[in-house]
Amino acid sequence: MSMQFDLTEEQLQVKHMVREFAEAEIKPHVMEWDEAQRFPRDLFFKMGELGLSGVIFPEEFGGAGMGYMEYATVIEEVSRVDGSIGLSLAAHNSLCTNHIYQYGTTEQKEKYVTPLASGQKLGAWALTEPSSGSDASGMKTTAARRNGGWLINGSKNFITHGISADTCVVMAITSREMRSRGISAFIVEREREGFIAGKKENKLGVRASETSSIIFEDCWIPEENILGEQGRGFVNAMQVLDGGRISIAALALGIAQGAFESALKYAQERNQFGQAIFNFEAIQFKLADMATQIDAARLLTYRAAWLKDQKRPTTKESAIAKLYASEIAVKVSEEAIQIHGGYGYTKDYPPEKFWRDAKLCTIGEGTSEVQRLVIARQLVSS
Ligand SMILES: Cc1cc2nc3c(=O)[nH]c(=O)nc-3n(C[C@H](O)[C@H](O)[C@H](O)COP(=O)(O)OP(=O)(O)OC[C@H]3O[C@@H](n4cnc5c(N)ncnc54)[C@H](O)[C@@H]3O)c2cc1C
């Protein structure tokens, strides 16, 4: 069996292109968007032109026709500069658009995936509810048959792009007795009556990524908007999350890389006791540990992405990558603050934002505790 640790020429080109874009178009605005909690919708049109809104979808559906290795690279490079934009791209690509691409009919793919993948439209994916997060199948939102379509009632919580999305994939109960096998997925367009954007969350981190609740009040959609088989919505959502978690691992990896680079630079520039603080072994050991953790997270993330590209199961490997990368992103960015001393505690230097953003990664798309449950179950499944 051969092992390959180098990115291909094409993957390297993608990496460099996204790095240049992030440095030029995102970096100058990072703190302004963070402070104002401004979601830069226009940036998504630009990212769409570069293929970043549809990395993993075929060109016939408006995508860039690339795989998860390239996708992980894109999310990593964007998040190295701003985790908010990384999170928004991830929710748009691998949750909303991918759910429609994986389980939609050809007509649904043409109608919805094409504008989403090309960046013309923005996507949201609504699973979480006020009283059901980790226990997502405990949802209360219902979809009942009415007038040749479905009537959706209920509310969703913490939805990325809950206010700005044009297209939303919504999980709702179609048969309560069937429990998780009685949950179905639906495509709901923003302009549907009864689709009401709720409160925008005032968050610790990833503040430029919009997060809000959505309320569905007698929101009617036609029969053709059911996504996938009736009753398979929850199972399909879990399969969508297997891919999504690779992007959260890449998001964490990018944040850790950004924090590490700022700490390494600062350690060489900052003098105390007549020399650069990098010369102190205590600082060197911190940086060595950070570099080691980032390397391990990158290998785990790329392994999961590679397996996904081979169309092999990734439930365990995605959860391992997501768990490890998220946890080390928090540690690495915290150490980056420490290396910056008092300056690291101010908003004039990057580490505090990396740390705030990193924390999301241990919560979104399944908390670290839930990842451990997923991994443990896989250890004993045949
Ligand atoms: C910025 C942001 C963006 C998000 N975007 C989206 C989105 O686009 N779409 C969407 O559907 N959701 C989204 N979410 C929701 C996210 O997926 C949930 O917050 C997450 O799954 C946790 O659910 P919860 O917040 O209800 O926490 P809870 O499930 O209430 O968990 C609270 C605590 O209990 C622990 N816990 C729960 N069950 C167990 C258990 N069985 N064993 C051990 N510990 C347990 C958890 O790990 C956690 O520490 C987003 C969240 C955030 C913060």
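How many nonpolar, polar and charged residues does the lining of the largest pocket have? In this predicted model, the count comes out at 21 nonpolar, 13 polar and nine charged residues. Those residues wrap around a space of about 1,300 Å³. The lining adds up to 43 residues, and the ones nearest the pocket's centre are Thr128, Ile363, Gly364, Glu365 and Gly366. Several elements chip in with two or more residues each, namely α5 (83–103), β1, β3, α7 (233–269), α11 (351–361) and α12. Of these, α7 supplies the largest share of the lining, with eight residues.

The largest pocket is also where the ligand sits. Two or more residues of the shell around the ligand come from each of β1 (123–126), β3 (149–160) and α12 (368–380). The biggest giver here is β3, which puts three residues into the shell. In total, 17 residues surround the ligand, and the closest of them are Thr128, Ser134, Phe158, Thr367 and Glu369. Sorted by class, the shell splits into eight nonpolar, six polar and three charged residues. Thr128 turns up twice in this picture, since it is listed among the residues closest to the ligand and also among those nearest the centre of the largest pocket.

Next come the individual contacts with the ligand. The side chain of Ser134 has an N or O atom 2.6 Å from an oxygen atom of the ligand. For Thr367, too, an N or O atom of the side chain is found 2.6 Å from a ligand oxygen atom. Phe158 joins in through its backbone, with an N or O atom there lying 2.9 Å from a nitrogen atom of the ligand. As for how covered the ligand ends up, it exposes 970 Å² when taken alone, and the protein buries 64% of that.

What about the second largest pocket? About 610 Å³ of space lies inside it. Its lining is made of 19 residues, with Gln4, Phe5, Tyr302, Arg303 and Trp306 the closest to its centre. Helix α8 (residues 281–309) provides the largest share of this lining, namely seven residues. By class, the lining of the second largest pocket holds nine nonpolar, four polar and six charged residues.

How values were computed: Residues are numbered from 1 along each chain as its sequence is written. This is a predicted model: local features need pLDDT of at least 70, side-chain atom pairs count only at pLDDT 80 or more; totals for chains, interfaces and linings use all residues. Side-chain values use heavy atoms; hydrogens and water are left out. A residue is near a molecule or strand if one of its heavy atoms lies within 4 Å of it. A polar contact is a pair of N or O atoms within 3.5 Å; within protein, one must be able to donate a hydrogen and the other to accept it, and residues adjacent in sequence count only if both atoms are side-chain atoms. Accessible areas come from the Shrake-Rupley method with a 1.4 Å probe; for residues, only the protein chains shown count as cover. On a 1 Å grid over the protein atoms alone, a cavity is a set of points where a 1.4 Å probe fits but cannot get out, and a pocket is an open set with protein on both sides within 12 Å along at least five of seven lines; lining residues have an atom within 4 Å of a point. A molecule sits in a cavity or pocket if more than half of its atoms lie within 2 Å of its grid points. Helices (H or I, at least four residues) and strands (E, at least two) are DSSP runs, numbered from the N terminus. Ala, Val, Leu, Ile, Met, Phe, Trp, Tyr, Cys and Pro count as nonpolar, Asp, Glu, Lys and Arg as charged, and the others, Gly among them, as polar. Grid points are joined across faces, edges and corners, and a volume is the space filled by probe spheres set on the points.
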